[in-house]
Amino acid sequence: MKKILSIMFLFILISGCRQEPAGNGNQAVTAISDEPAYGDALVAGSIGEPSILIPMLAGDSASHDVAGLIFNGLVKYHTDLSVIGDLAESWDISADGLVITFHLRKGVKWFDGVEFTAEDIMFGYKTIIDEKTPTAYQEDYLQVEKAEVLAPQTFRVTYRKPFAPALTSWGNLVVLPKHLLEGRDITKTDFGRNPVGLGRYKLRNWTPGQEVILESNRDYFQGRPYIDRYIYRIIPDPATMFLELKAGGIDLMGLTPIQYTKQTDTKHFVENFRKFRYPVFAYTYLGFNLRHPFFKDKRVRQAIACAIDKKEIVDVVLFGLGKPATGPYVPDTWPYNPNVRTCGYDLGKAKELLNLAGWADRDGDGVLEKDGSPFAFTILTNMGNSLRMNTATIIQRRLAKIGIKVDIRVLEWSTFINEFIDKRRFQAVILGWNIGLDPDQYDIWHSGKTKEKEFNFVGYNNPEVDELLEKGRRTFNMEERKKAYFRIQEILAEELPYIFLYVPDATPIIHARFRGIKPSPIGISYNLERWYVPKALQRHAAMQP
Amino acid sequence: MISFLAKRLLEMIPTLLGITILSFLIIHLAPGKPTDVLTEMNPKITPEARERLEKYYGLDKPLYVQYGLWLKRVVKFDFGESFSTDRRPVIAKIWDTKQPLMERRLFITFVINALSMLLIFLIAIPIGVFSATHQNSFADKVTTVTVFIGFAAPAFWLALLLMMLFGIQLGWLPISGLKSMDYDTLSFFGKVWDRAGHLILPVFISSFGGLAGLSRFMRGSMLEVIRQDYITAARAKGLREKEVVYRHALRNALLPIITLLGLAVPGLIGGSVIFENIFGIPGMGQLFYMSVMTRDYPLVMGILTIGAFLTLIGNLLADIGYMLADPRIRAK
């Protein structure tokens with residue numbers, strides 16, 4: 001990150017020295033004076049089309065992206081991952097952690113001018129826990145024992161047990177305008193395609209399959225966004241999208257590692273675009289079926305970990321755009337334990353561990369055996385993700401060096417999940433998790449979560465981890481939580497139900513005329529309303545009302 | 001004639017029914033469910049919530065009941081509601097009456113396919129005739145190789161190369177989509193030109209691959225006719241070669257081509273899936289692809305049924321065309 005910033009700085013200096021006359025359309029855009037101004041449009045490319053703009057009903061990321069611009073939550077994450085108020089000005093948590101009282105901001109208005117109150121939150125809460133609402137997100141809200149509106153601007157929830165992820169669950173999923181939706185079935189109204197929100201942008205026009213045009217909310221409670229229009233262009237093919245970027249048809253897209261490192265270093269890109277890089281809240285792992293006789297033995301898993309060079313995978317597969325992972329958290333975030341012991345890349349140790357576990361090459365064919373069966377297994381991964389396929393190939397080669405024969409099988413996503421993961425018909429898999437900003441990973445590691453369709457599909461079972469997971473989600477005390485999650489990482493690094501491979505970087509590129517972008521651990525789009533284009537550089541004509 | 005038509009129309013009913021049963025079975029056999037987009041790999045979902053969602057979509061009922069319910073609606077021309085989270089009626093996704101005609105998916109796909117079909121016929125028939133009359137000449141070989149390159153080149157790859165050439169290097173044509181960002185500010189002719197510009201590459205790509213089949217077919221058909229006795233007779237009578245070829249041979253050689261027209265419909269629908277995705281064109285093909293990926297059963301079935309219906313209509317029209325063109329068939 002530092003390196004990129006310094007390069008960028010250098011570039012600004014260089015282009016500043018060129019002294020081209022102002023107003024010349026061809027000059028490097030970085031040389032223009034930097035005055036925030038209203039206007040212009042940001043065109044973002046998206047592979048998928050939003051389906052519905054009601055956050056609690058949406059399943060796909062495109063819907064959540066757009067709905068996130070239209071609706072705000074009670075709380076949100078600050079750039080340092082702490083929780084700060086959004087629609088809530090402040091909140092109190094009772095000493096026992098059971099009661100949260102939100103004090104809402106005054107004077108926030110829905111797009112139709114009606115004031116936002118605690119009744120709207122109550123309405124959203126009742127809708128999300130309603131049997132008839134087809135939502136996938138009600139689990140967190142079912143933990144609530146009682147919800148009350150104490151005053152127009154005061155909302156209180158009481159939990160049965162302290163629940164640490166509770167606070168952040170009051171994001172934008174439950175904010176709905178009661179005055180427009182009360183008494184109506186939200187799946188039957190056209191609200192999902194014509195929403196009335198209170199966020200930074202409002203929907204202006206949606207042409208199915210082509211584009212979603214949002215215009216700025218001039219009465220946004222944190223100030224009118226500088227950029228007048230946010231246009232979401234749907235381009236299903238990633239290669240086409242990159243060409244559109246090159247041709248100026250879009251301003252913002254996510255790059256693949258090869259595009260980031262090799263295809264965007266031409267003069268055209270350097271002069272007209274800025275690239276960003278920050279870790280995604282996700283990791284890729286090699287997971288073992290812990291019921292399988294090969295992988296029951298901890299030493300075998302450790303041996304495999306020692307034989308895999310994570311740095312090599314990051315360098316080759318991600319072109320260096322990521323970090324080796326040591327546990328299920330993103331490096332440099334508060335739950336991340338930087339001091340876990342990992343093997344590193346050590347073939348000698350790998351061989352030694354395998355010998356200890358009883359594996360040896362007795363017939364001299366280069367493959368280890370034990371009790372007459374050779375050490376050969378299959379890694380499954382899903383189709384369409386070349387990063388995972390390449391990772392599998394590298395692992396295959398590395399494991400061959402210690403006498404383990406690996407086959408790779410690539411499967412269509414639905415088949416993979418329904419026929420192999422859910423039915424536990426796998427030996428090892430390469431998959432990834434998107435992790436929330438809250439460190440609670442109860443569903444992935446708890447031994448009670450191993451039934452079909454549940455997420456501890458590797459069958460991990462460790463009573464100490466179970467206890468720590470329980471502890472971590474039952475306290476609001478950051479230090480206590482940190483301690484619990486640090487310890488979990490130590491245990492996971494020792495027992496290795498997964499081999500944590502890498503945390504990839506997000507690599508968006510954006511046209512250089514956009515200013516005010518401040519990269520942070522949670523990405524760049526958090527302060528979208530403060531992005532702007534200096535008057536002289538604005539490309540799209542002002543909006544006709 | 002009328003009894004023939006009535007018979008053909010009646011025959012279409014069991015065929016269509018068979019197609020829908022097969023499609024319904026196959027799409028349900030594929031692993032995965034429409035609820036996956038909400039539940040798959042979502043740690044917040046509980047088994048109860050999953051069941052509730054499946055019940056909501058009626059997926060808990062046996063397959064034949066689901067098919068029966070679907071059929072009951074379809075005979076009333078109601079394709080039901082999409083299973084995607086927006087729950088819009090299937091028909092509104094395919095033929096959205098709230099949008100202008102030019103933005104409706106079925107219309108977009110129809111226009112592009114009609115244009116490319118026209119282009120294929122305009123180019124392939126002369127090529128075929130030329131190849132036949134100049135059989136085994138150097139020019140015949142060159143055109144043969146060219147059309148086969150078109151046939152063999154993967155459409156997505158060729159499309160990207162052309163986008164790079166015309167969209168970026170030369171900057172003559174837009175890369176993707178149906179219209180430009182500033183479309184609304186353009187004059188009438190500006191709008192027409194803008195739309196036409198967006199169609200050039202997709203129409204070219206979708207027709208280039210189809211040239212080989214039709215031109216080779218035309219060549220074969222022409223060669224066969226040229227060897228017939230009546231052509232020899234025409235030549236013997238002293239007619240000019242031009243007249244022999246275009247007046248006597250071509251007419252007869254064109255007959256089998258009519259059949260191809262009817263058979264081309266499913267191929268074109270299949271091709272739409274590919275080029276609409278590459279060029280970001282919001283037509284039926286793109287919708288079909290997305291609906292299959294999300295296992296949106298009602299939408300998949302709606303598109304397949306409409307596609308099957310169009311194919312059957314295409315065949316029927318081909319038969320009628322054949323009858324009109326060839327008195328021998330009419331007599332039977």
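**Cysteines and the A–B interface**

Q: Why does Cys306(A) count as buried in this predicted model?
A: Its relative accessibility is 1%. Buried means under 20%, so Cys306(A) counts as buried.

Q: What makes Cys343(A) partly exposed?
A: Cys343(A) has a relative accessible area of 26%. Partly exposed lies between under 20% and over 50%, so the term fits Cys343(A).

Q: How do you know that Cys306(A) and Cys343(A) form a disulfide?
A: Their sulfur atoms are 1.9 Å apart. The cut-off is within 2.5 Å, so the pair qualifies. A search of the whole structure finds one disulfide over all chains.

Q: Which parts of chain A does the pair link?
A: Distant ones, 37 residues apart. Cys306(A) sits in helix 11 (residues 298–307) of chain A. Cys343(A) sits in the loop between strand 15 (322–324) and helix 13 (347–356) of chain A.

Q: Why is the disulfide of Cys306(A) and Cys343(A) called right-handed?
A: The torsion about its S-S bond is about 115°, so the disulfide is right-handed.

Q: What makes Arg105(B) and Glu49(A) a salt bridge?
A: Their closest N and O atoms are 3.7 Å apart. The limit is within 4 Å, so the pair counts as a salt bridge. The count between chain B and chain A is two salt bridges.

Q: Which elements of chain B give two or more residues to the side that touches chain A?
A: Helix 2 (36–39), helix 3 (47–56), helix 8 (155–169) and helix 11 (241–278) of chain B. By class, that side has 18 nonpolar, 14 polar and 14 charged residues.

Terms used: Residues numbered from 1 in each chain as written. Chains lettered and ligands numbered in written order. Predicted model: local features only at pLDDT ≥ 70, side-chain atom pairs only at ≥ 80, totals over all residues. Heavy atoms only, no water. Salt bridge = Lys/Arg side-chain N within 4 Å of Asp/Glu carboxyl O. Helix = DSSP H or I, 4+ residues; strand = E, 2+ residues; numbered from the N terminus. Nonpolar A, V, L, I, M, F, W, Y, C, P; charged D, E, K, R; others polar. Buried < 20%, exposed > 50% of the residue type's maximum accessible area, 1.4 Å probe, protein only.
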